[in-house]
Amino acid sequence: MNFLAHSYLSFNHPEILVGNMISDFVKGKKKFDFSEGVQKGIALHRSIDTFTDDHPVTKEAKQFLKPAVGPYAGAFIDVAYDHFLANDELEFDEHRLQKHVDETYDILSLHESILPPTFKRMLPYMMTQNWLFNYRTISGTEQSFGGVVGRAKYLESSADVFKLFNQHYDALQNCYKAFFPNLKAHATAEFGKL
């Protein structure tokens, strides 16, 4: 999953949210530099990622995008899942999504002093361009696909994978609908163990 799902599956707990959001920017023993709550968020993030990557529905979803991006398909599926989450009426309406997004930005800003440098540099762009809310739109999702390309070593363009995303939109949405309740149940159970 991508940033929106990780923020949402932090269950309104500030330190868990911070850890869940920064986990990809914290390598090895660096996690011990953070408070226990943030460490728990990092652990939750990693559990969510493993569950997502190993889930048979995610493996099925990747096949739709693999012709364009090969082994990077999973990163684009993470973005696609956030798009479908942002539009999932069982989880959010537009007002509730904006409230969640605003609260997430507020929490991250309050913890700015402990954020890893790369995440800290990225946060102003995330906020001013409103990445979390804009997963709701096709254009925002397209921009996020471009962001994945920018971080990938062997990709030059997101045009072909975005075309496949649109071409298989309904099938990918069905994958999300089959997958997300499983993920939410898993994350809820993991949160309960923290």
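## A buried serine

Ser10 touches Ile16, Leu17, Asn20 and Phe191, leaving aside residues up to four places away in sequence. Ser10 itself sits in a loop. That loop runs between helix 1 (3-8) and helix 2 (14-22). The model described here is predicted.

Is Ser10 buried or exposed? Ser10 counts as buried because its relative accessibility is 0%, and the cut-off for buried is under 20%.

## Overall fold

The chain holds 11 helices and 0 strands. Read from the N terminus, its elements run α-α-α-α-α-α-α-α-α-α-α.

The C-alpha trace spans about 45 × 35 × 35 Å along its principal axes. The radius of gyration is 16 Å. A compact globule of 194 residues would come near 16 Å, so the chain agrees with that expectation.

## Burial, surface and contact range

Of the 194 residues, 47% count as buried. The chain exposes about 9,800 Å². Carbon and sulfur atoms supply 53% of that area.

How much of the contact network joins residues at least 24 apart? Take the contacts between residues at least 6 apart in sequence: 70% of them join residues at least 24 apart.

## Helix 3 against helix 4

Helix 3 covers residues 36-54 and helix 4 covers residues 56-69. The two pack at an angle of about 65°. Their axes lie 5 Å apart.

Which residues meet here? Helix 3 brings Thr52, Asp53 and Asp54. Helix 4 brings Pro56, Thr58, Lys59 and Lys62. By class, this contact has 1 nonpolar, 2 polar and 4 charged residues.

## Salt bridges within a helix

The structure holds 4 salt bridges. Side chains of opposite charge can pair when their charged atoms come close. Three of the bridges are described below, including two pairs that each lie inside one helix.

Glu36 pairs with Lys40 in helix 3. The closest N and O atoms are 3.4 Å apart. The residues are 4 apart, about one turn of the helix. Glu36 counts as exposed because its relative accessibility is 56%, and exposed means over 50%. Lys40 has a relative accessible area of 27%, so Lys40 is partly exposed.

Glu103 forms a salt bridge with Lys99. Their closest N and O atoms are 2.8 Å apart. Both residues lie in helix 6, 4 residues apart, or about one turn. Glu103 is partly exposed, with a relative accessible area of 33%. Lys99 also counts as partly exposed, at 46% relative accessibility.

## A salt bridge across the chain

Lys184 and Glu91 meet through their side chains in a salt bridge, with 2.8 Å from N to O. This pair links distant parts of the chain, 93 residues apart. Lys184 belongs to helix 11 (residues 169-193). Glu91 lies in the loop between helix 5 (73-86) and helix 6 (94-110).

How accessible is each partner, buried or partly exposed? Glu91 counts as buried because its relative accessibility is 8%, and buried means under 20%. Lys184 is partly exposed, with a relative accessible area of 27%. The bridge therefore joins a buried glutamate to a partly exposed lysine.

Definitions and conventions. Residues are numbered from 1 along each chain as its sequence is written. This is a predicted model: local features need pLDDT of at least 70, side-chain atom pairs count only at pLDDT 80 or more; totals for chains, interfaces and linings use all residues. Side-chain values use heavy atoms; hydrogens and water are left out. Axes are lines fitted to C-alpha atoms, for helices over the stretch in contact, and angles run from 0 to 180 degrees between N-to-C directions. Contact means heavy atoms within 4.5 Å. Ala, Val, Leu, Ile, Met, Phe, Trp, Tyr, Cys and Pro count as nonpolar, Asp, Glu, Lys and Arg as charged, and the others, Gly among them, as polar. Buried means under 20% relative accessible area, exposed over 50%, partly exposed in between (1.4 Å probe, protein chains only). The radius of gyration is taken over C-alpha atoms; the globule rule is 2.2 Å times the number of residues to the power 0.38. Accessible areas come from the Shrake-Rupley method with a 1.4 Å probe; for residues, only the protein chains shown count as cover.
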